Amino acid sequence: MSDRSGYTIWFTGLSGTGKSTIAEIVGPELEKRGALVEYLDGDVVRTHLSKGLGFSKEDRDTNIERIGWVASRFTRAGVVTLVSAISPYAETRARARELVEEFGPFVEVFVDTSVEECAKRDVKGLYAKAFSGEIKEFTGVSDPYEEPESPELVIDTEGEDPADSAAKVVSYLEERGLIEAAVKA
C-alpha cells in the first residue's frame, strides 16, 4: 500500500496559452517534494490514445472523456496527474472532474490568454491558417471555447514568465494542503 495521495491538475485554455510549458515546470517541483507525477498532454494523447479522432464537437468530447478517465485511474493509484488539454467545452470538463473526484481532488487551472497573444506565440502557424479559413473548427477562432466559470485557479500568461505562472500553481497546491510547503533555506 502507498501513502501517496493522487490528484489531477487540469490545465485548460486556448492553443498557445502555455498549458504544457507550465505543467512541465510544475511537475519536477512536485517530484522534488515526493510526488509521483504523470503528464497527459493533449497533443500526445491525440497521437496515441485518441488517434483517428477529428475535431468535431463529438470527437473533442470523446478525447477529453478519455483523458479524464485515464487521469482518474492515475489519481486512484496515487499519482499526481498534470493534464494539458484545450478541453473547450464546460460540460465535458465537468464530466472529467466527476471521474477524477471519485478518487481524489481535481484542480482546474484556467490558463487565460487572448487569441491575439496566442496567435503571436504560434510557431506552427495554426492560428494564421484558422484566420484564413484553411483550418476549420479551430478553438477560439471558428469553434467556441467555453471559459471555466469557477476554476480553482486562473493564470493570465500575457506578460508573465512561465516560471512565475508555475509558481502560482505550486503556491495554490501548498495553500490547499496538496503538497507540503518548500523549506526555506
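This passage walks through two helices, one loop aspartate with its surroundings, and a few residues with positive phi in a predicted model.

Helix α3 is a good place to start. It runs over residues 57-76, and its end C-alpha atoms lie 28 Å apart, which agrees with the 28 Å that its 20 residues should span at 1.5 Å a residue. A long list of its residues is buried, including Asp 59, Arg 60, Asp 61 and Asn 63. Further along the helix, the buried set takes in Ile 64, Ile 67, Gly 68, Val 70, Ala 71, Ser 72 and Thr 75. As for what these side chains meet, the buried residues of α3 pack against three strands, β1, β2 (37-41) and β3 (80-84), and against two helices, α2 (42-48) and α4. After α3 comes Gly 78, with a positive phi near 90°.

Helix α4, one of those packing partners of α3, covers residues 90-101. Its 12 residues reach 16 Å from the first C-alpha to the last, close to the 16 Å expected at 1.5 Å a residue. Buried in α4 are Thr 92, Arg 93, Ala 96, Arg 97 and Val 100. These residues cover an arc of only 150° around the axis, so they sit on the same side of α4. Glu 91 and Glu 98 are exposed, on the face turned away from that buried side. The cover over the buried residues of α4 includes two strands, β1 (7-12) and β4 (106-112), along with α3.

Just what happens in the loop between β3 and α4? That is the place of Ser 87. Its phi is near 40°, a positive value in a residue other than glycine. Ser 87 has a relative accessible area of 2%, so it counts as buried, the cut-off being under 20%.

Moving on to the loop between α5 (115-121) and α6 (126-131), the residue to look at is Asp 122. Asp 122 is buried, yet it has no salt bridge. The nearest side chain of opposite charge belongs to Lys 124, and it is 6.8 Å away; a salt bridge would need the charged atoms within 4 Å. What the Asp 122 side chain does reach is backbone: the nitrogen of Gly 125 at 3.3 Å, and the nitrogen of Leu 126 at 2.5 Å. With neighbours within four places in sequence set aside, Asp 122 is in contact with Tyr 127 and Ala 128.

Leu 126, whose backbone nitrogen is reached by Asp 122, is itself part of helix α6. With 24% relative accessibility, Leu 126 counts as partly exposed. Leaving out residues up to four places away in sequence, Leu 126 touches Ile 135 and Phe 138. For Phe 138, 12 residues apart from Leu 126 along the chain, the two C-alpha atoms are separated by 8.5 Å.

One more backbone detail turns up in the loop between α6 and β5 (153-156), where Glu 137 is placed. Glu 137 is not a glycine, but its phi is positive, about 55°. At 38% relative accessibility, Glu 137 counts as partly exposed, whereas Ser 87, another non-glycine residue with positive phi, is buried.

Definitions and conventions: Residues numbered from 1 in each chain as written. Predicted model: local features only at pLDDT ≥ 70, side-chain atom pairs only at ≥ 80, totals over all residues. Heavy atoms only, no water. Helix = DSSP H or I, 4+ residues; strand = E, 2+ residues; numbered from the N terminus. Buried < 20%, exposed > 50% of the residue type's maximum accessible area, 1.4 Å probe, protein only. Lys, Arg positive; Asp, Glu negative; His and termini not counted. Polar contact = N/O pair within 3.5 Å; in protein donor to acceptor, adjacent residues only side chain to side chain. Contact = heavy atoms within 4.5 Å. Expected span 1.5 Å × (residues − 1). Arc of directions from axis to C-beta.
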